[in-house]
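Take a walk through this protein with the model open beside you. Start at one small spot, then step back to see more.

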Amino acid sequence: MQSYKRTFRKLIILLQVIILANSLPVYAKNVGTINDFRELTGEKRLDDKSFLQEIRQIIATYERGKEWDELVSLLKEIDGDIAYQQWQEQEKRWQDSIDKMDQDFLNNQSLEILRMDYSDYLTAVKERTEYLGEQSMALNFAKSTQEAYEYAMSILNGMGDDFMLGELGKEMKTFTQNNLTVQKPFDEEYHGILVSIPREAEIYSQLNGTVIRTSKTSVWIQSGKSIVMKYTGIKPVVKKGEKISQYQQIGNVLKEQIGFEVIQNTIPINPLFLYGSRGISWYVEWLALHPGGEKTIPDFSRVQDECSAQKENITAESTVKKEENESSSIKQEGDSFHLTNEVITKVREEEVTDHETIE
């Protein structure tokens with residue numbers, strides 16, 4: 001009898017170990033936070049250093065005003081008066097190097113002097129860049145000091161937000177649970193994407209969150225303190241205030257397209273960034289069908305398929321080996337992807353060939 005009990009206990013322990021082994025890597029690999037989301041879409045993970053760099057960039061870029069003064073006060077409060085004074089001196093050296101180079105050029109100074117001026121300017125730029133950090137992509141869409149200020153305050157409010165968004169990265173399904181057929185890409189006119197989809201198709205929430213607004217044709221869902229996603233062209237099946245799980249149905253398509261917008265810390269971002277290399281391929285497919293349609297090529301250079309936290313937690317057994325394909329139109333550097341000029345050239349050459357064939 002005792003032997004039977006020991007065998008039974010061992011069996012229970014073995015089953016628990018198997019369940020734990022199967023569940024933990026999946027959780028660690030796929031379930032992400034706001035910081036994971038930021039990293040995957042090309043932004044820095046939020047911490048005190050990156051927040052200070054964001055404020056410095058705003059102060060260095062935007063015009064003085066009420067909001068600008070408030071950010072200076074905040075920077076002094078966090079960074080300290082001495083550090084702020086050192087930065088101001090650095091900014092002055094950078095501006096002085098520009099002024100001197102311009103003035104010597106206008107005064108027809110010798111080539112040797114102009115070379116020295118340019119060398120001083122490059123040194124000042126390097127020091128300034130090291131202090132400011134890499135330019136945030138989000139700030140490219142802040143058109144005024146007021147918008148930049150609202151962005152900074154949103155980041156401050158979102159510091160330490162550990163809301164669990166759900167699956168992220170290359171394992172994440174889309175809001176249609178299928179590949180996306182882009183009808184109109186993200187640009188300066190429309191800060192979202194339009195996707196072709198059959199009428200009455202079901203639409204699912206991209207992330208966990210809460211419904212903050214609905215209308216007859218749209219649903220807005222907020223995830224944590226920093227992310228809002230807007231789905232337009234759908235008939236809602238959810239209500240304002242309702243808690244939503246990732247991949248839960250939120251509506252049905254009214255016509256044969258849906259709009260999808262992503263707002264991160266008050267600033268719109270390209271929704272295709274959510275999907276890493278898949279997003280690039282969907283953009284290239286759109287590009288092939290719309291010759292000359294691109295106004296600006298999206299910068300996918302910082303977009304990733306996996307964030308650092310996911311890489312650390314994936315076991316050797318679950319790591320997918322990435323095959324190198326020299327003929328691919330997408331160059332992979334580490335886990336970032338670059339949409340190269342070869343892509344555009346190849347697409348356009350194919351368009352010319354197709355046109356000649358039709359004629």
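Begin at Gly233. Setting aside neighbours within four places in sequence, Gly233 is in contact with Thr217, Asn252, Val253, Leu254, Lys255 and Gln257. This is a predicted model. Find Gly233 in the loop between β8 (227-232) and β9 (234-236). Now look at one of its partners, Gln257. Gly233 and Gln257 are 24 residues apart in sequence, yet their C-alpha atoms are 6.9 Å apart in space. Is Gly233 buried or exposed, or does it fall in between? Its relative accessibility is 23%, so it counts as partly exposed. The cut-off for buried is under 20% relative accessible area, and exposed means over 50%.

Step back to the whole chain. It has 359 residues, and 42% of them are buried. Its secondary structure comes to 10 helices and 15 strands. How much of the contact in the chain links residues 24 or more positions apart? Count the contacts with a separation of 6 or more: residues 24 or more positions apart account for 69% of them.

Next, go to helix α2. It covers residues 34-40, and Arg38 sits in it. Arg38 has a relative accessible area of 1%, so it is buried. Which residues does Arg38 touch, apart from those up to four places away in sequence? They are Glu43, Lys44, Leu46, Glu54, Tyr151, Gln264 and Asn265.

Three of those names come up again. Glu43, Lys44 and Glu54 are among the residues that line the largest cavity. The rest of that lining is Ser50, Gln53, Gln57, Glu134, Ser136 and Arg302. The largest cavity has a volume of about 60 Å³. Its lining has no nonpolar residues, four polar ones and five charged ones.

How many cavities of 30 Å³ or more does the whole structure have? A search finds four. The second largest holds about 40 Å³ of space. Phe37, Leu40, Thr41, Leu168, Gly169, Met172 and Leu274 line it. By class, that lining has five nonpolar residues, two polar and no charged ones. Set the two linings side by side. No nonpolar residue lines the largest cavity, whereas no charged residue lines the second largest.

Pockets come next. The second largest pocket has a volume of about 390 Å³. It is lined by 18 residues, and the closest to its centre are Phe141, Phe186, Phe273, Pro298 and Asp299. Sorted by class, the lining has nine nonpolar, four polar and five charged residues.

Now turn to how helices pack. Two packed helices are described by the angle between their axes and the distance between the axes. Take helix α3 (residues 48-61) and helix α7 (residues 145-158). They pack at an angle of about 170 degrees, with their axes 10 Å apart. Angles over 145 degrees count as roughly antiparallel. Therefore α3 and α7 are roughly antiparallel to each other. Phe51, Glu54 and Ile58 make the contact from α3, and Ala148, Tyr151, Ala152, Ile155 and Leu156 make it from α7. Seven of these residues are nonpolar, none is polar and one is charged. Two of them, Glu54 and Tyr151, are also touched by Arg38.

Helix α3 has another partner, helix α6 (residues 111-132). The axes of α3 and α6 come within 8 Å and cross at roughly 130 degrees. So α3 and α6 are oblique to each other. Gln53, Arg56, Gln57 and Ala60 in α3 meet Arg128, Glu130, Tyr131 and Leu132 in α6. This contact has three nonpolar, two polar and three charged residues. Gln53 and Gln57 should look familiar: both line the largest cavity.

Finish with the backbone. Most residues other than glycine have a negative phi. Which way does Asn108 go, positive or negative? Its phi is positive, near 55 degrees. Asn108 lies in the loop between α5 (81-106) and α6. Its relative accessibility is 69%, so Asn108 counts as exposed. Thr266 is not a glycine, and it has a positive phi of about 75 degrees. Look for Thr266 in the loop between β12 (257-264) and β13 (267-269). At 41% relative accessibility, Thr266 counts as partly exposed.

Definitions and conventions. Residues are numbered from 1 along each chain as its sequence is written. This is a predicted model: local features need pLDDT of at least 70, side-chain atom pairs count only at pLDDT 80 or more; totals for chains, interfaces and linings use all residues. Side-chain values use heavy atoms; hydrogens and water are left out. On a 1 Å grid over the protein atoms alone, a cavity is a set of points where a 1.4 Å probe fits but cannot get out, and a pocket is an open set with protein on both sides within 12 Å along at least five of seven lines; lining residues have an atom within 4 Å of a point. Grid points are joined across faces, edges and corners, and a volume is the space filled by probe spheres set on the points. Ala, Val, Leu, Ile, Met, Phe, Trp, Tyr, Cys and Pro count as nonpolar, Asp, Glu, Lys and Arg as charged, and the others, Gly among them, as polar. Axes are lines fitted to C-alpha atoms, for helices over the stretch in contact, and angles run from 0 to 180 degrees between N-to-C directions. Helices (H or I, at least four residues) and strands (E, at least two) are DSSP runs, numbered from the N terminus. Angles under 35 degrees count as roughly parallel, over 145 as roughly antiparallel, 65 to 115 as roughly perpendicular and the rest as oblique. Contact means heavy atoms within 4.5 Å. Buried means under 20% relative accessible area, exposed over 50%, partly exposed in between (1.4 Å probe, protein chains only).
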